[in-house]
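The questions below go through one chain, from its overall make-up to single side-chain contacts. Each answer closes on the value or name that was asked for.

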Amino acid sequence: MDEDSGVDIMSLNKYSNSSSSSSSSEHDKKTPAKIEHYPKKNAEIISCQYGTNLLLVGIALLLANATALPIVEEKHLLSYITSLMILQLIWMLWYVLLRNRRKNTRTDRDIHVTTAWIRGGLTVLAFISLIMDAFRVGYYVGGHSCVSVVLGVYPVIHAVHTLAQVHFLWFHIKDVIQSLQTFERFGVIHSVFTNLLLWCYGVVSEAEHYMNNRMRRLSNMGFINFTIVDPELLCNCTATTCTLFYKSLSYLFPFCIEYHVIVSAMLFVMWKNIGRTTDLSHKKRLATKTHCLITGPFLGLVALASTIGVMVVYLIHTEQSMETRQTAISIFYIYAIILLTLMCFAGVAGLLIYRVDHKPPDTSKNPSRELDTELLFGSSVGAWLMSWCSIVSVLSTSSNPPYIWMNFTYSLLIVLEKYIQNLFIIESLYRHKEDGKKEDPELPPSPETFSVTPPLPLPYNGIINQAYETPDMACVTSENEQNDRCSRKPVEAPQPTGRDLVEPSNVKKLILKNITVFLVMCNMSLWILPAFGCRPQFDNGLEQEIYGPNKWITVLNFAIPLNLFYRMHSVASLFEVFIEV
C-alpha cells in the first residue's frame, strides 16, 4: 500500500509539475512580446518629447526676436539653429559610415516612402535654397563690418546641411532601421524637428518681408503715414548689390519653406518605420501610360498661364488708385471662382468613377499613406479658417465694395474644393491595386525578368501530351482515328484590332489620369498666387474691419503657410495617384 501510494504521489507530482511547467512556459512565451514592446514605445515617447522641446525652444527664441525692440537678437536665434544643423550633420555622417561598413548586411527598405520624382522635386527646391544661401553670404560680405559673424556662418552651414540631407534622402530615406533603434530614433527625430524649426524660421521671415513690402506700398500710395527702415540701411554696406541680395530673399522664401516641411514629413515616416517588420509581398506597380492625355494637360496649362497673367495684373494694379485696386481684386476673385469650380467638377467626376467601379479598399499598413492622409486634413485647417472668417466678415460688414459677394463665393468654394479633393486623393490612395508583385524600381530586378534562358518545364505528374512531346508524331495513331484527329486543324482566333483593345476600364483610367493632371496644374496655380504676393485677404479690407488688423494678421500668418503646404502636398499626392491609376 505504501509503495502504491508512493507511486501515486510521485505520478501526481510528475503530472502537476509538468502542467505547471507547461503553463509557465506559455506564460514565458507571452511575456517577452509584451516586455519587448515597452522599450520600443518608451523610446518613441522619449524621442518625440526630445524633438518637441527642441522645436519649442526655437519657437520661443523666434517669438522673442519678432518683437519691435527685440532683446533676443537674430544672431542668438541663428546660433541655436546652426547648432541643431551641426548635430544633424554629425548623425547623418555617422549613419552613412555605419551603413557603408555593413554593406554585406541586408537592409530592409520600405518602397512606399517616396518615389524618384518626389526626390527630384526636392532636389530642385534644395537647389533654390542653395541660391538663397548664396544671397545671404553675399549680403554678409557687403556688410560684414557691422553685422554678426553668425549671419555669415549660418548660410554656409545651411548649404552644407542641404547638400548632405539631399544625399541622405536619395540613398537612405527608405531604410527600415533594425539595429541601434533607440539611438537612431533620437537621430531621426532630431532631423525632423530641425527641419520643422527651419520651416518656422522661414515662415516668420517671409511674413516679415511681406508685411514690410506691403506697408511700404501703402505708405507710397498715401494710405498710411508709416516709415519702414530696412535692416540693410542700418549698416554701411560696402557692396552695391546688398539691397538686391536682401530683396531677392522674399522671392526665394516659398521654395525654401516647402523644402523643409516636405523633408520633415519624409523623415517622420522613416522614424515611424524604425523597428517595423516590412511586408515583402507587395503588388506590382504597372507601367504608367501617358498616351491620349490631352484634355487634362491642356486645361492645366491654360490654368497655369492664366495664373501668371492674373498675378502680374494683381501685383501691378494693387499699387495704384483705389478703383484700379478694387478692379485687380475683382479679377483675382473671378479667376479663382472659375478655377475652383472646375476643380470641384473634376473631383466629383473622379469620385463618381470610383463609385461605379466597386473595389475593396486596401487596408494594409502603410505609414507613408497614413501620414499623407493626416497632413491633408491638418493642412486644410488653415484655408478653412480663413474662409469661414471671410464669410462671417461679409455677412457682418456694413461696407459694400464691388467684390464683396465674390469674396463670399470664393470662400465657400475654397471649403468645398478642399473637401472634395481630400476625398478624391484619399480614396485613390486607398484603392485596392491590381494583382501582381510590386518591386522597388531602385532595386535590381529578379534574374527571370530579362533572362534569355527558357523557363524550366512544368511537372506533368504522369500525364504526357504526346503532341507536345513528339510534334512530328502527333498524328501517328490508329488508322480509324487518324483521319478524324489530323483533319482537325486549330482555328486561329482573330487578332484584336486597336479599337477592340479599348476597354471600359481603360477609358476610366484615362479619364482619371486627365483629371489628376488637371488637378496637379490647378494646385500649382493656387500655390503660385499666394506664394508670390497675391493675397487679397490683406488687401480687401473686409476682414480687418471686423476682426481688427492685429488679430487678422495673426490669423493670416498662421493660415497662409498651412495653405501653401496643402497645395504643395496635394501636388505630391496627386502625382502618386497618377502613377497608381
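Q: What share of the contacts in the chain with a separation of 6 or more comes from residues 24 or more positions apart?
A: This is a predicted model, in which local features need pLDDT of at least 70 and side-chain atom pairs count only at pLDDT 80 or more, while totals for chains, interfaces and linings use all residues. Residues are numbered from 1 along each chain as its sequence is written, and side-chain values use heavy atoms, with hydrogens and water left out. With contact taken as heavy atoms within 4.5 Å, the share of residues 24 or more positions apart is 88%.

Q: How many helices and how many strands does the chain have?
A: Helices (H or I, at least four residues) and strands (E, at least two) are DSSP runs, numbered from the N terminus. Counted in this way, the chain has 0 strands, and the number of helices is 16.

Q: What percentage of the residues in the chain is buried?
A: Buried means under 20% relative accessible area, exposed means over 50%, and partly exposed lies in between (1.4 Å probe, protein chains only). Of the 581 residues in the chain, the buried ones make up 44%.

Q: What percentage of the accessible surface of the chain belongs to carbon and sulfur atoms?
A: Accessible areas come from the Shrake-Rupley method with a 1.4 Å probe, and for residues only the protein chains shown count as cover. The accessible surface of the chain comes to about 32300 Å², and the part belonging to carbon and sulfur atoms is 65%.

Q: Which residue forms a salt bridge with Arg535?
A: A salt bridge is a side-chain nitrogen of Lys or Arg within 4 Å of a carboxyl oxygen of Asp or Glu, and the structure holds 6 of them. In the one formed by Arg535, the closest N and O atoms are 2.8 Å apart and the partner is Glu206. Arg535 lies in the loop between helix 13 (504-531) and helix 14 (536-539) and its partner in helix 5 (residues 181-221), so the pair ties together parts that are 329 residues apart in sequence. Arg535 is buried at a relative accessible area of 4%, and at 11% relative accessibility the partner also counts as buried, this being Glu206.

Q: Over the face of which residue does Arg535 lie?
A: A charge sits over a ring if NZ of Lys or CZ of Arg is within 6 Å of the ring centre and within 35 degrees of the ring normal. Arg369 offers one such case, with its charged end over the ring of Tyr430 at 4.3 Å from the centre. For Arg535 the distance from the ring centre is 4.5 Å, and the residue beneath is Tyr210.

Q: Why does the salt bridge of Arg325 and Asp539 tie together distant parts of the sequence, and how many residues apart are they?
A: The two side chains meet at 3.6 Å, N to O, and both Arg325 and Asp539 are buried. Because Arg325 lies in helix 8 and Asp539 in helix 14, the pair ties together parts whose separation in sequence is 214 residues.

Q: What is the angle between the planes of the aromatic pair Tyr354 and Phe424?
A: Rings of Phe, Tyr and Trp (its six-membered ring) pair if their centres lie within 6.5 Å, with planes under 30 degrees apart counted as stacked, over 60 as edge-to-face and the rest as tilted. A search of the whole structure finds 20 aromatic pairs. Among them, Tyr354 and Phe424 form a stacked pair, 5.9 Å centre to centre, with an angle between the planes of 25°.

Q: How many residues apart are Tyr354 and Phe424?
A: Tyr354 counts as buried at 7% relative accessibility, as does Phe424 at 0%. The pair links distant parts of the chain, Tyr354 in helix 8 (residues 322-356) and Phe424 in helix 10 (residues 404-429), and the separation is 70 residues.

Q: Which residues does Ser47 touch, not counting residues up to four places away in sequence?
A: Ser47 lies in helix 1 (residues 2-65) and is buried, with a relative accessible area of 0%. Its contacts beyond those sequence neighbours are Arg185, Phe186, Ile189 and Trp271.
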